[in-house]
Amino acid sequence: MRPAHVLLAVLVAAVWGVNFTVIEVGLDHFPPLLFSALRFLVAALPAVFLVGPPKVAWKWIVGVGLALGVAKFGLLFIGMDVGMPGGLSSLVLQIQAVFTALFAVALLGERPTRVRAAGMAVALAGIGVAAADEGASGPLTGFALVVAAAACWGVSNILTRKASPPDALNFMIWVSTVPVLPLLALSLLLEGRSADLAALRSLDWAGAGTVLYVAWGATVFGFGAWGWLLRRHPASTVAPFSLLVPVFGMTSAALFLGESITPLRWCAAALLVGGVALTSVTLRRPSAVPVTESARLPGSRSEGSPVG
């Protein structure tokens with residue numbers, strides 16, 4: 001890769017990592033489901049009118065929109081709202097690579113190599129260490145919700161792989177149109193009309209800035225730049241940069257939010273990042289089961305989708 005392309009890949013990882021800190025700030029301004037709905041609304045509009053028509057079937061757009069936008073981000077934002085730290089969330093979400101590999105085995109008939117199976121075991125050990133660290137300092141409800149969010153992310157990765165979108169940005173923009181109404185409906189039902197209206201009426205520059213960052217920075221720029229890199233370089237070259245996301249996530253949370261990084265958390269980070277790196281090794285697949293390779297979008301076989 002050219003130095004400029006390396007810098008772009010690192011920049012995307014930094015934007016995605018800092019995104020978790022921005023989410024934590026945004027949750028001080030909005031109820032979690034409303035915040036998630038606003039994220040996708042701002043990401044979709046006006047971009048949906050600029051990227052052209054969808055390039056995959058609507059069933060894949062709707063499926064990924066529900067799994068990723070409603071389930072994954074809904075659970076993530078609620079988990080962080082009830083106390084899961086942003087830096088730790090950026091780390092724990094990396095377990096999505098293990099869920100993706102397990103779902104690929106169960107649903108697509110893929111067979112993991114011994115190295116990849118060992119990577120899953122190491123990553124799961126990292127989750128255990130992270131759970132012990134979080135359990136020593138606070139309730140595990142938020143932790144469990146973020147792990148559930150990672151599982152939903154694994155489902156969306158499988159759907160994305162089956163969709164094989166040729167344009168990552170076009171796909172993500174159209175996916176962003178799906179969660180808006182379901183998240184708004186859930187927010188009205190669970191968070192209440194009065195809470196939503198109060199948040200919107202008290203909107204200030206800080207709150208608006210968090211929405212713009214998670215929508216245009218993490219979603220539009222992040223996926224657009226990542227897709228651009230993947231069109232010019234092999235996925236195996238680009239994918240390792242996603243492992244920098246929790247590094248930037250934990251560091252930014254420590255610098256801007258005062259989130260502590262305990263020795264147990266460092267140990268969990270080492271196990272999770274190392275395990276995910278091994279888990280990202282390409283799977284063997286049986287010749288009787290044709291599976292389309294989709295190396296053009298984060299979340300395909302060659303890489304876990306790292307964005308938060």
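In this predicted model, Glu259 and Arg265 are joined by a salt bridge in which the closest N and O atoms are 3.1 Å apart. Glu259 is buried, and Arg265 is buried as well. A search of the whole structure finds three salt bridges, and the pair formed by Glu259 and Arg265 is one of them.

A salt bridge is also formed between the side chains of Arg161 and Glu110, with a distance of 3.2 Å from N to O. Because Arg161 belongs to helix H7 whereas Glu110 is placed in the loop between helix H5 (96–108) and helix H6 (114–137), this pair ties together parts that are 51 residues apart in sequence. Both Arg161 and Glu110 are buried.

Lys55 and Asp167 form a further salt bridge, and here the closest N and O atoms are 3.4 Å apart. Lys55 is located in the loop between H2 and H3, and Asp167 in the loop between H7 and helix H8 (168–177), so that this salt bridge ties together parts that are 112 residues apart in sequence. Lys55 counts as partly exposed because its relative accessibility is 48%, a value that falls between the limits of 20% for buried and 50% for exposed residues.

The chain as a whole contains 14 helices and zero strands, and its pattern, when read along the sequence, is α-α-α-α-α-α-α-α-α-α-α-α-α-α. Of the 308 residues of the chain, 54% count as buried.

Two helix pairs were examined for their packing. Two packed helices are described by the angle between their axes and the distance between the axes. For H3 and helix H7, the latter comprising residues 141–163, the packing angle is about 165° and the axes are 8 Å apart. This angle makes H3 roughly antiparallel to H7, because angles over 145 degrees are counted in that class. The crossing of H3 and H7 is left-handed. Helix H7 is also the element that holds Arg161, the partner of Glu110 described above.

In the second pair, the axes of H2 and helix H9 (residues 180–191) come within 8 Å of each other and cross at roughly 160°. H2 and H9 are therefore roughly antiparallel to each other, and the crossing of these two helices is left-handed.

On the surface, Leu41, Leu45, Phe49 and Leu50 make a nonpolar patch of about 450 Å². Among these residues, Leu50 is found in the loop between helix H2 (32–44) and helix H3 (58–81), and Lys55, which forms the salt bridge with Asp167, lies in that loop between H2 and H3 as well. Leu50 counts as exposed because its relative accessibility is 70%, and the threshold for this class is over 50%.

A separate long-range relation involves Ala121, a residue of helix H6. Ala121 and Leu278 are 157 residues apart in sequence, while in space the separation between them is 9.9 Å from C-alpha to C-alpha. With a relative accessibility of 46%, Ala121 counts as partly exposed.

Terms used:
Residues numbered from 1 in each chain as written. Predicted model: local features only at pLDDT ≥ 70, side-chain atom pairs only at ≥ 80, totals over all residues. Heavy atoms only, no water. Patch = residues over 30% accessible without salt bridge, like charges linked within 9 Å, V, L, I, M, F, W, Y side chains within 5 Å. Areas by Shrake-Rupley, 256 points an atom, 1.4 Å probe, with all protein chains shown as cover. Salt bridge = Lys/Arg side-chain N within 4 Å of Asp/Glu carboxyl O. Helix = DSSP H or I, 4+ residues; strand = E, 2+ residues; numbered from the N terminus. Buried < 20%, exposed > 50% of the residue type's maximum accessible area, 1.4 Å probe, protein only. Axes fitted to C-alpha atoms, helices over the stretch in contact; angles between N-to-C directions. Parallel < 35°, antiparallel > 145°, perpendicular 65-115°, else oblique. Left-handed = near helix turned anticlockwise from the far one by under 90°.
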